[in-house]
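Biologist: I would like to go through this model with you, beginning with the chain as a whole and then turning to its core, its helix pairs and a few single residues. Could you keep each answer tied to what the coordinates show?

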Amino acid sequence: MALTGLTSAQVAERRRQGQGNDVKLATSRTYKDIVLKNVFNPVNVVLYAIGLAMFAVGDGRSAFATIMLVLFNSTVGIIQEVRSKRKLDEIALLAIAKVTVLRDGQETQINPSELVLGDILVVRAGDQIPVDGKILGDSRIEVDESALTGESDLIPKSAEDDVLSGSFIVTGQTQIEATGVGEKSFANNLTKNAREFSSEYTPLQREVNRILRILLLLVVFFGILAVLGLFVLDLPFSAWLQIMAVITGSISAGLLTLIILNYSWGAVRIGQKGGLVQQLNAIESLSNVTVLCTDKTGTLTANKIKYHDVYPIGIDKATLERYLGAFAASASSSNKTSEALLEGLAGQNRPIHDEVPFSSARKWSAVAFDEPSLRGTFVMGALEMLEQQFTMTDDARHQVAALSEQGLRVLVFAHNPTVTTLHDGDAPVLPPLTLLGIVSFSDELRPHLQETLSAFTDNNVKLKVISGDNPQTVAALARQAGLPGDLKAVSGPDLAKMGDAEFAQTAADATVFGRITPEQKEALVTTLRNQGEYVAMIGDGVNDVLSLKKANMGIAMESGSTATRSVAAMILLGDSFGAMPAALGEGQRIVSSIQAILKLFMVTVFALLLLIIGVTILNLGFPFTALQNTLLSFFARGAPPFILGLTAIASAKRTTLSRNILHFTLPASFMLFLFGLLVYMGAFFLVEQGLVNITITPEMISTMEKTLSIASGTLSDEEFYQAAILLSAQTALTTFFVFTGITLMLFAAPPGKWWSGGSDYEGRNWLVVAGAVLLYIGYVIVLVVPALRIFFQLLPLPISFHITIAILTVLWVFVQRFLWRSNWMERFLDIDVERDTATT
């Protein structure tokens, strides 16, 4: 009796009873997660505590500025991440894999979340099973449970056997009754405490983590010193809070926010061009790729397989085509090859006695008939996998080679007229065979393929085609796709005979790999990774799942199997390669942006900490107040990195963390510290010795009273004198630090060749110049508006001070440029570093 599935009324009733598959696995960060990680990360929590303590001791302005700066950064981060999340979720809806169910006697496609207990699912090769179930009928399938057990061996299943959610069908098709849905399914029970998708860190992410750890150690070190100073030096609690606010605020979580936003912006841009990013770091990961491995059928080609011709051997062509038509029409499960046969040849569906569906590991399928008009076993598959079962003439081998050289897909078709059993228990077996013919199929290359491959070869990425087809066929198509040079091809059976050393050498040297099993694909990717390569794998079928999981980055076609899409870091929507060059460029832009941000951030933080040490050792007070540090957080550590993130240019060049620290960060930090200390000491002693006339204004008195947190009109002459000295020095240093911090942006991302030296010139970028000009203007406005000066605890210094600071800033620019271009730090440390010096 034919199964009809549940009725609509039964589905509604079971959903009402809570028997639906309602578990939602996150496709991106939740709104709650976004808010919590932006507002209550560890650094922000410390700053909140400091702000509240400042408020408790009466320093309301510093408390307000400290907390509002954190909330401002958090708000910007939340808004941008929410916008990115909504856009990515919209794009992700396009790639949700539907499932086929029987309802009201009809096959219909629904989202997995709409399934209910007792639904009858129709599953085919390549489908991932979304719920636990039991096989109905007498069909046979093979499933891969590696996602659940870690074992990649195929598991045969037949009637009444249980299947687990999370596994996927490799061969055959069947009907499954859902017995475990929602939280009760095996996969959901396995992962309910670890639902977030974990991805491999990229080299750049590892660098960022190292930097954050270094900065954390510095904060802990200075924090311990500050705590000791609170007790040993008898520091006022309000002064100690100011010091802790400056130290902690220098390691603002704004760095993480900027990096996350760079990834999110990149994901949205690529999503608009046809690439669905399933892991936020996928685009940046693509820019690290040194080897790109790709499947052929359905990846390089459009998987629009057409029956081309058949070459009969010992049989007339009409009879052979009749056998082929019956073979394709009678098989219980179809694939692109059998569909091409049915389209090209008229086939009659016959009752089958036994069957072995096609699998990528076997590379053949077989059907056995047991009726008077059509009896025996018919097998079609790869010559390399079947040639031990029959004898083959030289003419037939020449025919296979000639067809393969044309880029045609070539299979052999063989027969045993007496054997009708294809299994020994669960294991498939083949009898001796007689070769009947050679069958050829054509396919077409995907659009935009040549531009995509050229984009990667232009970036020195090595390309390798790994396929289940004949090596000569794959090599011919690879040449048509534009792969350059003499393509070295090797077959899977030859690889199987190699030792580990020879296998590794072949993996590195060869470009085309044919008749490769899924396990060999995985082994090739593993070997390349062990050789230090950063490997991307593009695939579409079940046979690509293992290698996609093993690669540094997996890329799937939208039309590919559910299992393939579920393990990929990026999906090409519409199966279009058009998004790949854009994704590569966007990844390079992200790397360029984040590296520039890190350079700027490390210099300003290291120089600030050096200044704290220097000023403290000289017993000249403390270099900044918390409010002045708020200005620095925006003008030197906040806005410049944000501008760099928006205006970054894609670049194939990249440097390591150690190279950045050695060449860019250390020289800039030391020079910024030396010039900054000179500015601070100069202003301090000029005012202290009375060599500069400071005009006393009501504004100055108000600023000092608020800085010292004392009542209006109670400021003594001595307190005024000491505050004037310290605030003058702090104001001068703050101004110099802002000017140099903005100018560092031009060195981190040179808008012209003159500015290169610390970083390579990648092309004119006048947006960086425009951003720097706007920041200069913004800070000048703060200096000239009395209310803003008072709020940020800045004194109205004489014009001669500002002219001197401007001159020192220009001098610093020339000295810093010279040090970078002369590789002074590398020469001093006697380190050989090859570097191209840009010309003016």
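Biologist: What percentage of the residues of the protein count as buried?

Modeller: The model is a predicted one, and its secondary structure amounts to 32 helices and 25 strands. Among contacts between residues at least 6 apart in sequence, 72% join residues at least 24 apart. Of the 840 residues of the protein, the part that counts as buried is 55%.

Biologist: Which helix gives the largest share of the largest nonpolar core?

Modeller: The largest nonpolar core holds 122 residues, and the members touching the most others are Met-570, Phe-737, Leu-744 and Met-745. The largest share of this core is 22 residues, and these come from residues 579-617, that is, from helix α23.

Biologist: Which residues does Met-570 touch, apart from those up to four places away in sequence?

Modeller: Met-570 is one of the residues that touch the most other members of the largest nonpolar core. With residues up to four places away in sequence set aside, Met-570 touches Ile-270, Gly-275, Leu-276, Val-277, Gln-278, Met-553, Gly-554, Ile-555, Ala-556, Met-580 and Ala-583.

Biologist: How are α16 and α23 oriented to each other, roughly parallel or roughly antiparallel?

Modeller: Helix α16, residues 449-458, packs on α23 with the axes 8 Å apart and at an angle of about 25 degrees. Since angles under 35 degrees count as roughly parallel, the description that applies to α16 and α23 is roughly parallel.

Biologist: How many charged residues are there in the contact of α16 with α23?

Modeller: From α16 the contact takes in Glu-451, Thr-452, Ala-455 and Phe-456, which meet Met-580, Pro-581 and Leu-584 of α23. Divided by class, the residues of this contact are 5 nonpolar and 1 polar, and the number of charged ones is 1.

Biologist: Why do α25 and α29 count as roughly antiparallel?

Modeller: The axes of helix α25 (residues 639-647) and helix α29 (residues 766-784) lie 10 Å apart, and the crossing of the two is right-handed. Angles over 145 degrees count as roughly antiparallel, so α25 and α29 are given that description. The angle at which they pack is about 160 degrees.

Biologist: Which residues of α29 meet α25?

Modeller: By class, the contact of α25 with α29 has 6 nonpolar and 2 polar residues, with no charged ones. On the α25 side the residues are Ala-639, Pro-640, Ile-643 and Thr-647, and these meet, in α29, Leu-767, Val-768, Gly-771 and Leu-775.

Biologist: How far apart in space are Val-474 and Lys-296, C-alpha to C-alpha?

Modeller: Val-474 belongs to helix α17, residues 471-480, and counts as buried because its relative accessibility is 0%. Beyond its neighbours within four places in sequence, Val-474 is in contact with Lys-296, Val-465, Ser-467, Asp-469 and Val-512. Although Val-474 and Lys-296 are 178 residues apart in sequence, their C-alpha distance in space is 7.1 Å.

Biologist: Is Ser-333, in the loop between α12 and α13, buried or exposed?

Modeller: Leaving out its neighbours within four places in sequence, Ser-333 is in contact with Gly-172, Gln-173, Glu-355 and Pro-357. Its relative accessibility is 14%, and the cut-off for the class is under 20%. Ser-333 therefore counts as buried.

Biologist: What separation do the C-alpha atoms of Ile-169 and Gln-128 have?

Modeller: Ile-169 lies in strand β8, residues 168-171, and is buried, with a relative accessible area of 0%. Outside its neighbours within four places in sequence, its contacts include Val-123, Ile-141 and Val-542. Ile-169 and Gln-128 are 41 residues apart along the chain, and the separation of their C-alpha atoms is 6.4 Å.

Notes:
Residues numbered from 1 in each chain as written. Predicted model: local features only at pLDDT ≥ 70, side-chain atom pairs only at ≥ 80, totals over all residues. Heavy atoms only, no water. Core = buried A, V, L, I, M, F, W, Y, C linked by side-chain atoms within 4.5 Å. Buried < 20%, exposed > 50% of the residue type's maximum accessible area, 1.4 Å probe, protein only. Helix = DSSP H or I, 4+ residues; strand = E, 2+ residues; numbered from the N terminus. Contact = heavy atoms within 4.5 Å. Axes fitted to C-alpha atoms, helices over the stretch in contact; angles between N-to-C directions. Parallel < 35°, antiparallel > 145°, perpendicular 65-115°, else oblique. Left-handed = near helix turned anticlockwise from the far one by under 90°. Nonpolar A, V, L, I, M, F, W, Y, C, P; charged D, E, K, R; others polar.
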